[in-house]
Amino acid sequence: MSFTDKTLTCADCQAAFTFSATEQEFYSKKGFTNEPKRCPTCRAAKKQRLGGEAGQRQMFPAVCAQCGIETQVPFEPRTGRPVYCSDCYSRTKPIGS
């Protein structure tokens with residue numbers, strides 16, 4: 001399949017940008033069917049904005065119920081419920097979970 005450069009308009013800033021033949025080939029190989037809606041600058045800004053919000057998860061201190069090391073978990077531990085570090089959890093979870 002042959003690709004040629006296309007000029008598109010950014011949905012955010014309305015600037016014209018080039019959707020290069022190389023990018024089109026990459027999109028095609030990945031199975032993407034839609035063209036990009038945003039210019040590279042606006043795409044990077046959106047990615048940073050979303051990464052900053054969704055990328056940081058609140059972590060809570062805990063002590064592993066199996067090995068006793070101090071660890072951090074992405075949920076608030078409750079009294080009476082065991083909490084495991086990632087190593088012990090991977091050894092204790094049932095196969096197929």
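This report describes the fold, core, cysteines, salt bridges and strand pairing of one protein chain.

The structure is a predicted model, in which local features need pLDDT of at least 70 and side-chain atom pairs count only at pLDDT 80 or more, while totals for chains, interfaces and linings use all residues. Residues are numbered from 1 along each chain as its sequence is written, and side-chain values use heavy atoms, with hydrogens and water left out.

## Overall fold

The protein chain has three helices and four strands, where helices (H or I, at least four residues) and strands (E, at least two) are DSSP runs numbered from the N terminus. Along the sequence these elements follow the pattern β-β-α-α-β-β-α. Of its 97 residues, 20% count as buried, a term that stands for under 20% relative accessible area, with exposed meaning over 50% and partly exposed in between (1.4 Å probe, protein chains only). The chain exposes about 7,900 Å², of which carbon and sulfur atoms supply 51%; these areas come from the Shrake-Rupley method with a 1.4 Å probe, and for residues only the protein chains shown count as cover. Among contacts (heavy atoms within 4.5 Å) between residues at least 6 apart in sequence, 17% join residues at least 24 apart.

## Core and its surroundings

The largest nonpolar core is made up of seven residues, namely L8, C10, F17, F19, Y27, C39 and C42. Such a core is a set of buried Ala, Val, Leu, Ile, Met, Phe, Trp, Tyr and Cys residues joined through side-chain atoms within 4.5 Å. Leaving aside neighbours within four places in sequence, the core residue F19 is in contact with T4, D5, K6, L8, Q24, Y27, E35 and P36. One of these partners, Q24, has its place in helix 1 (residues 21-30) and is buried, with a relative accessible area of 8%. Not counting residues up to four places away in sequence, Q24 touches F3, T4, D5, K6 and F19.

In the loop between strand 1 (6-9) and strand 2 (16-19) lies Q14, which has a positive phi of about 65 degrees although it is not a glycine. Q14 counts as exposed, at 53% relative accessibility.

## Cysteines

The structure holds zero disulfides, a disulfide being a pair of cysteine sulfur atoms within 2.5 Å. C13 is in no disulfide, and its nearest cysteine sulfur, that of C10, is 3.7 Å away; C13 is partly exposed, with a relative accessible area of 39%. The sulfur of C64 is 3.7 Å from the closest cysteine sulfur, in C67, and this is too far for a bond. C64 counts as buried, at 4% relative accessibility.

## Salt bridges

A salt bridge is a side-chain nitrogen of Lys or Arg within 4 Å of a carboxyl oxygen of Asp or Glu, and by this rule the count comes to three.

| Pair | N to O distance |
|---|---|
| K6 and E35 | 2.5 Å |
| R38 and D12 | 2.9 Å |
| K29 and E25 | 3.5 Å |

The closest N and O atoms of K6 and E35 are 2.5 Å apart; K6 lies in strand 1 and E35 in the loop between helix 1 and helix 2 (40-54), so this pair ties together parts that are 29 residues apart in sequence. K6 is partly exposed at 35% relative accessibility, and E35 is partly exposed with a relative accessible area of 35%.

The side chains of R38 and D12 also meet in a salt bridge, and because R38 lies in the loop between helix 1 and helix 2 and D12 in the loop between strand 1 and strand 2, the pair ties together parts that are 26 residues apart in sequence. R38 is partly exposed, with a relative accessible area of 22%, as is D12, with 42%.

K29 and E25, by contrast, are four residues apart in helix 1 and so are separated by about one helical turn. K29 is exposed, with a relative accessible area of 66%, whereas E25 counts as partly exposed at 37% relative accessibility.

## The hairpin of strands 3 and 4

Along strand 3 (residues 60-63) the side chains alternate, in that F60 and A62 point to one face and are buried, while P61 and V63 point to the other and are not. Strand 3 pairs with strand 4 (residues 70-73) in the antiparallel sense over four bridges, where pairing requires that DSSP finds at least two bridges between two strands. Within this pairing, V63 stands opposite E70 in strand 4. The two strands form a hairpin with six residues between them, and G68 in the turn has a positive phi of about 85 degrees.
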